[in-house]
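Q: How should a ligand site be read from coordinates? Please start with the terms and then go to the case.

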Amino acid sequence: MDFFEYRNGELFAEGVPVRRIAREVGTPTYVYSLATLRRHYRVFDRAFMQLPHLICFSVKSNSNLAVLRVFSREGAGFDIVSGGELYRVLKAGGDPKKVVFSGVGKKREEIERALDAGILMFNVESEQELNLLNEIARGVGRKAPISLRVNPDVDPETHPYISTGLKRSKFGIDIKRSVEEYKRALSLSHIEVIGVACHIGSQLTSVLPFTDALSRVSVVVQNLREQGAWIRYLDLGGGLGIRYKDEDPPHPEEYASALIRALEGLNVTLILEPGRVIVGNAGIFITQVLYLKETDEKMFVVVDGAMNDLIRPALYGSYQAIQPVVVSQEERIVADVVGPVCESGDFFAKDREIPRPRQGDYLAVMSAGAYGFTMASNYNSRPRAAEILVDERDYHVIRERETLEDLISGERIPPALQ
Ligand code: LLP
């Protein structure tokens, strides 16, 4: 459930008309609902109540400082994949002792900073990374707490770009080889083995791949315990899907009870790294119609948002619902909703039936709270969109729209060209 709904034909974010935000802040703009962020976090967290657990919000899905602050206030931990994300988490007041650090390409400086901040654990993804971590930890006279991210080889049945737990994927360490690698980890002087981690993919719409992965990973936990390692954490990653169109993903409670059942007797603290399921439907993207353009073949609705702002449809061909901010027209058309970027791939929808918009109307691209702004770029020298957080009857600008000055910040013309 979210807090975006129509009242008398007008879309509201909680108690604020979306049209008001569009007029006052301009477009394109991301709008998040605080009540929805909190609600989604709490529903997810409570679903695991009967089990020792830690919810590490996946920062890559939405990394705005205000959004991170909401979750840190809720007691959440964070899943990070870069030094930049660690920086954001600390700036937002996140507790480093609840941070897990994944990623196949952690750099020395990033490892150093994370170790220095005292994070909960490194999810190590290769032999060489483990060696580097051991060496860095030795250098500062510390022990680095780790899990190996194992690759359980289950098919999450999602888009190939976002499935990560198959054998041929770059992520994690093959589950069979992980036995040897764990042995080596246990022998390293500055490594402390505390968990086992995996993440199989994103936007999963059934619990089966999760329970499948969980039972495979549990075997590794038991195996390690038999070797005398004190394994305290099992990190199952993120990946629970949401409804964009007509998907029917399990409710967090259904997901949780399946996992709790599968974990029985294992006696670990379960770590989860949800991103999309918490923020996806807590945000929308608003854009204004610039032109209606009709060719012999097609109708195009040209809007002021583009693939640089919200790349999911262009990159994955994914569906995002598009709704009028103010309902006025009865007539429906079939159109491509496209942005101003000079690429044919720059579209939000293809051959979509929508109410005929007029020039100047505002449209809302729904389910845009996850992997929306975080994947935005400046392609075509487009300043990135503003971000707004609605709190009941108020709204706050939580990221200003970029200016033209921002676009060239850091660029220099060398002396010989001056
Ligand atoms: N943990 C790890 C290690 C991950 O790689 C990811 C996502 C998550 C947690 C969070 O997954 P979630 O709960 O959000 O599914 N840009 C794509 C999604 C990429 C997901 C990458 N990893 C999209 O827009 O669909």
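A: A residue is near a molecule if one of its heavy atoms lies within 4 Å of it. Here 18 residues surround the ligand, and the closest are Ser202, Glu273, Arg312, Tyr316 and Tyr371. This is a predicted model, in which local features need pLDDT of at least 70 and side-chain atom pairs count only at pLDDT 80 or more, while totals for chains, interfaces and linings use all residues. Residues are numbered from 1 along each chain as its sequence is written, and side-chain values use heavy atoms, with hydrogens and water left out.

Q: Which polar contacts does the ligand make?

A: A polar contact to the ligand is a pair of N or O atoms within 3.5 Å. A polar side-chain atom of Tyr316 is 2.7 Å from a nitrogen atom of the ligand, and an N or O atom in the side chain of Asp79 lies 3.2 Å from a ligand nitrogen atom. Arg276 uses a backbone N or O atom, 2.9 Å from an oxygen atom of the ligand. Of the 590 Å² that the ligand exposes when taken alone, the protein buries 91% (Shrake-Rupley method, 1.4 Å probe).

Q: Where does the ligand lie relative to the domains?

A: Domain bounds come from an automatic or database domain assignment. That assignment gives domain 1 (4–32 + 280–407) and domain 2 (34–277). The ligand lies between them because both give residues to the shell around it.

Q: How many residues of each domain are in contact with the other?

A: Contact means heavy atoms within 4.5 Å. On that basis, 22 residues of domain 1 touch 22 residues of domain 2. The domain centres, taken over C-alpha atoms, are 32 Å apart.

Note on methods:
Polar contact = N/O pair within 3.5 Å; in protein donor to acceptor, adjacent residues only side chain to side chain.
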